[in-house]
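Dear colleague,

I am passing on the structure we spoke about, and below it I set out what came up when I went through it. Please read the notes with the coordinates open beside you.

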Amino acid sequence: MKKVLKVLFFIFISSICFCNNILYVGTNAEFKPYEYLEEDKLVGFDIELMEAIGEKLNYEIKWNNMSFDGLLPALQLGKVDAIIAGLTQTPERAKIVNFSIPYMFIFSSKHIIVTQNNNEDIINKESLKGKNIGIQLGSIQEQFVTQLEGNPKYFDSWTGALMALNQEKLDAVIIDELSAKEYLKNFKDIKQVDVLVDEQPAASIAFRKNEKELVEKINDIIIELRDNGKYLELLEKYFPQNVAEFKANYPQN
């Protein structure tokens, strides 16, 4: 009986979310240039990519900006139909959601360690043992803190973590390399000391486990956008430093 009710629940949720060709998508606008707010408007690479996917699907995208750690629970509860937020595929996450193919075609997944300019104790990743390290709540960076035997300090946003570092309330912050380039423009007293490489698949779009058909459609669209010039257009806008690498890997563009 419980299994029957569970199936009916998911059918009910799907019927709510997919009516009138609307796709409800969750994000966390604290991850520039992937997704961020500009004059209270959601902008960024992920935002425009998802809008392009919606156009191909003939679906209107309705956005739900929420805390990063609330995204996966919101998806499981049917409050959103998909998540796009620079979300890395991990074995733990794959147990509870379906992922699209990675949509960051050219980037190796790197994360950088940053500290204050005047901090002479933090010189590399080995220096983080026992140190207070700022990360966003629910982010992939927590695995690095564990591996390096640091003390994780959680923040709702990367801005909050970097502000705390700037105020010397933390020893270091671990943050996605590409986002760090944007954030560090506003923090002049912070330096990079080391790079960590994530061997897991790059950012993907997350869906509920029962949405296999939708995932397959979106996978096809991601490839189509990669090959028809739209992806390159977004890349030139948000990641111009990676355009040459993309063209080298995908010469048809």
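A crossing of two helices is called right-handed if the near helix is turned clockwise from the far one by less than a right angle, and left-handed if it is turned anticlockwise. Please keep in mind throughout that this is a predicted model.

With that convention, α2 passes α9 in a right-handed crossing. The axes of helix α2 (residues 45-57) and helix α9 (residues 230-238) come within 10 Å and cross at roughly 160°. Since angles over 145 degrees count as roughly antiparallel, α2 and α9 are therefore roughly antiparallel to each other. On the α2 side the contact is made by Phe-45, Glu-48, Leu-49 and Ala-52, while α9 contributes Lys-230, Tyr-231, Leu-234, Leu-235, Lys-237 and Tyr-238. By character, the residues of this contact between α2 and α9 comprise seven nonpolar and three charged ones, with no polar residue.

The helix α2 also packs against helix α8 (residues 212-227), and here the axes come within 10 Å and cross at roughly 110°. That value lies in the range from 65 to 115 degrees that counts as roughly perpendicular, and α2 and α8 are therefore described as roughly perpendicular to each other. The crossing of α2 and α8 is right-handed. From α2, the residues Leu-49, Met-50, Ala-52, Ile-53, Lys-56 and Leu-57 meet Leu-214, Lys-217, Ile-218, Ile-221, Ile-222, Glu-224 and Leu-225 of α8. The contact of α2 with α8 divides into ten nonpolar and three charged residues, again with no polar one.

Turning to the interior, the largest nonpolar core has 66 residues, and those with the most contacts inside it are Phe-45, Ile-53 and Ile-205. If neighbours within four places in sequence are left aside, Ile-53 is in contact with Ile-205, Ile-218, Ile-221, Ile-222 and Leu-225. Apart from this core lies another, of 13 residues, which includes Leu-71, Ala-74, Leu-75 and Ile-83.

One loop residue may also be worth a look: where is Asn-20 found? Asn-20 is in the loop between α1 (2-17) and β1 (22-27). Its relative accessibility is 68%, and because the cut-off for exposed is over 50%, Asn-20 counts as exposed. The C-alpha atoms of Asn-20 and Asp-176, which are 156 residues apart along the chain, are separated by 37 Å.

With best wishes

Key: Residues numbered from 1 in each chain as written. Predicted model: local features only at pLDDT ≥ 70, side-chain atom pairs only at ≥ 80, totals over all residues. Heavy atoms only, no water. Core = buried A, V, L, I, M, F, W, Y, C linked by side-chain atoms within 4.5 Å. Buried < 20%, exposed > 50% of the residue type's maximum accessible area, 1.4 Å probe, protein only. Contact = heavy atoms within 4.5 Å. Axes fitted to C-alpha atoms, helices over the stretch in contact; angles between N-to-C directions. Helix = DSSP H or I, 4+ residues; strand = E, 2+ residues; numbered from the N terminus. Parallel < 35°, antiparallel > 145°, perpendicular 65-115°, else oblique. Nonpolar A, V, L, I, M, F, W, Y, C, P; charged D, E, K, R; others polar.
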